[in-house]
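Let's take a friendly tour of one protein model, moving from its metal site to its core, its charged pairs and its rings. Have the structure open beside you as you read.

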Amino acid sequence: MRRAARIAIGFVALAAAAPRGQTNSPMNAIAEQYVKLVLAVGQHDAAYVDAYYGPAEWKAESERQKRPLADIDADAARAIQQAGAMPAASDEPSRLRHEYLVKQLQALRARVRMLTGGTFSFDEESAALYDAVAPTHPESYFQAALDDLSRRLPGNGPLIDRYDAFRQSFIIPKDRLARVFDTAIAECRRRTGAHLTLPAGESFTVEYVTDKSWSGYNWYQGNYRSLIQVNTDLPIYIDRAVDLACHEGYPGHHVYNALLEKTLVRDRGWVEMTVYPLFSPQSLIAEGSANYGIEVAFPGEERVAYEARALFPAAGLNPARAAEYYAVQNIVDRLSYAGNEAARRYLNGQIDRAAASAWLTRFALMSPPRADQRTRFMDDYRSYVINYNLGKDLVKQYIEAHGGGAAQPAKRWDIFGELLRSPRLPSGLK
Ligand SMILES: [Zn+2]
């Protein structure tokens, strides 16, 4: 109840800040309807509404009156039609807004179809929900990376065991987790704050949890606050500290949400951004920018240098081995699309859960418990898996195509910040 009260107070402030005259525009009417439809779907799908900090009475109304999915779908179709009949906007922010609302509503309709028993192939589903289709890779593509890794980690046993043995020296002891994460978060915040203007008062809290199908989660609460949860079910290796601090925090999810709230909700009065439907194109931008943000914050060799200097000592690990660890991780990163392949085969019904787990162990080098956790994630979130690696690649391509390559770190921050403050969609990254 305390949380609801705080959200309501936040919205009064933003409504007062909304530009005059915009409140009754046709686009604002569609935006309001979109928010209410997302909240209505949330009554049928507990994971759907990932964040909401708009008017508390809209949420209360969606709970009071659980609308049938067929009615929600019909309203969404009508809203898409209305948006289609509106004249094209002349300025880019309005044009992006228009496209955003239509695509998000189309994705909502696809999710409703899934909730009413409709089935999609893996690629059809990702196109409908996330506005993108992941490339396919043959087993030989992953085998090449495995062969490189095998040369790097010589020995007689299976590669997964050699990799596991190698990684034993890079586990963060549980009693040092908080210290290591706090150190990484402070550094990521410092680096982000040097390039992006963060809203005054932004902050988050970190909680350590167990028994989840994900390894970390950012719950955005509005008013520039997030709750970040870290799952400690499985061993946490040193690379997770910067990954998590950047991905969930700075310049990842926390910053993305805070900048959307500041720039689009408060400054422009775009109410649609007060709700975040998880199964929607917005997630590809969120996950992709959160993953690419690691490279933005730590260009080139800066990450290894920083970790050897600060994080390895904080974790009680040998800093002289930091470069060696990341040389191995860079090879393993080439296996990231193996997770998509396993999900595609599993969700298309070509292989069962046990085979998906075995495939992940063989081609993505996941330990059996981690592979099992990943298949649980596939059950819960399905084709969402593409948002991490394909999302990162699309965001990276977009930023580099606009002049933000590795040789231009300051410009890269500018373009990255601009993307975080916009309603740009995955198909708009091409
Ligand atoms: Zn994420």
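Three protein residues act as donors to the zinc ion: His247 through NE2, His253 through NE2 and Glu287 through OE, at 2.0 to 2.1 Å from the ion. Donors here are N, O and S atoms within 2.8 Å of the metal (3.2 Å for Na, K and Ca), and since water is not among the atoms, sites may look incomplete. Along the chain, the donor residues follow the spacing H-x5-H-x33-E. His253 belongs to helix α11 (residues 253-266) and Glu287 to helix α12 (residues 282-297), so this pair ties together parts that are 34 residues apart in sequence. Helices are DSSP runs (H or I, at least four residues) and strands are too (E, at least two), numbered from the N terminus. His253 and Glu287 are both buried, where buried means under 20% relative accessible area, exposed over 50%, and partly exposed in between (1.4 Å probe, protein chains only).

Before going on, keep in mind that this is a predicted model, in which local features need pLDDT of at least 70 and side-chain atom pairs count only at pLDDT 80 or more, while totals for chains, interfaces and linings use all residues. Residues are numbered from 1 along each chain as its sequence is written, and side-chain values use heavy atoms, with hydrogens and water left out.

Next comes the core. In soluble globular proteins, nonpolar side chains tend to be buried together. The largest nonpolar core (buried Ala, Val, Leu, Ile, Met, Phe, Trp, Tyr and Cys residues joined through side-chain atoms within 4.5 Å) has 139 residues, and Leu108, Leu149, Ile238 and Ile386 touch the most other members. Helix α2 (residues 26-42) gives the largest share of this core, 10 residues. Which residues does Ile386 contact, leaving aside its neighbours within four places in sequence? Among them are Phe122, Tyr130, Leu284 and Gly391, with contact meaning heavy atoms within 4.5 Å.

Now for the charges. Side chains of opposite charge can pair when their charged atoms come close. A salt bridge is a side-chain nitrogen of Lys or Arg within 4 Å of a carboxyl oxygen of Asp or Glu, and the whole structure holds 32 of them. Here are some examples.

| Salt bridge | Closest N and O atoms |
|---|---|
| Arg97 and Glu272 | 2.6 Å |
| Asp123 and Arg344 | 3.1 Å |
| Lys396 and Glu295 | 3.0 Å |

Asp123 sits in helix α6 (residues 122-130) and Arg344 in helix α15 (residues 336-347), so their pair ties together parts that are 221 residues apart in sequence. Asp123 is partly exposed, with a relative accessible area of 26%, whereas Arg344, at 7% relative accessibility, counts as buried. Arg97 and Glu272 are both buried. Elsewhere, Glu92, Arg95, Glu99 and Arg424 are linked in a network of salt bridges.

Finally, look at the rings. Rings of Phe, Tyr and Trp (its six-membered ring) pair if their centres lie within 6.5 Å; planes under 30 degrees apart count as stacked, over 60 as edge-to-face and the rest as tilted. The count comes to 25 aromatic pairs. Tyr325 and Tyr326 make an edge-to-face pair, 5.2 Å centre to centre with 85° between the planes, and both residues are buried. One aromatic cluster includes Tyr48, Tyr130 and Phe279.
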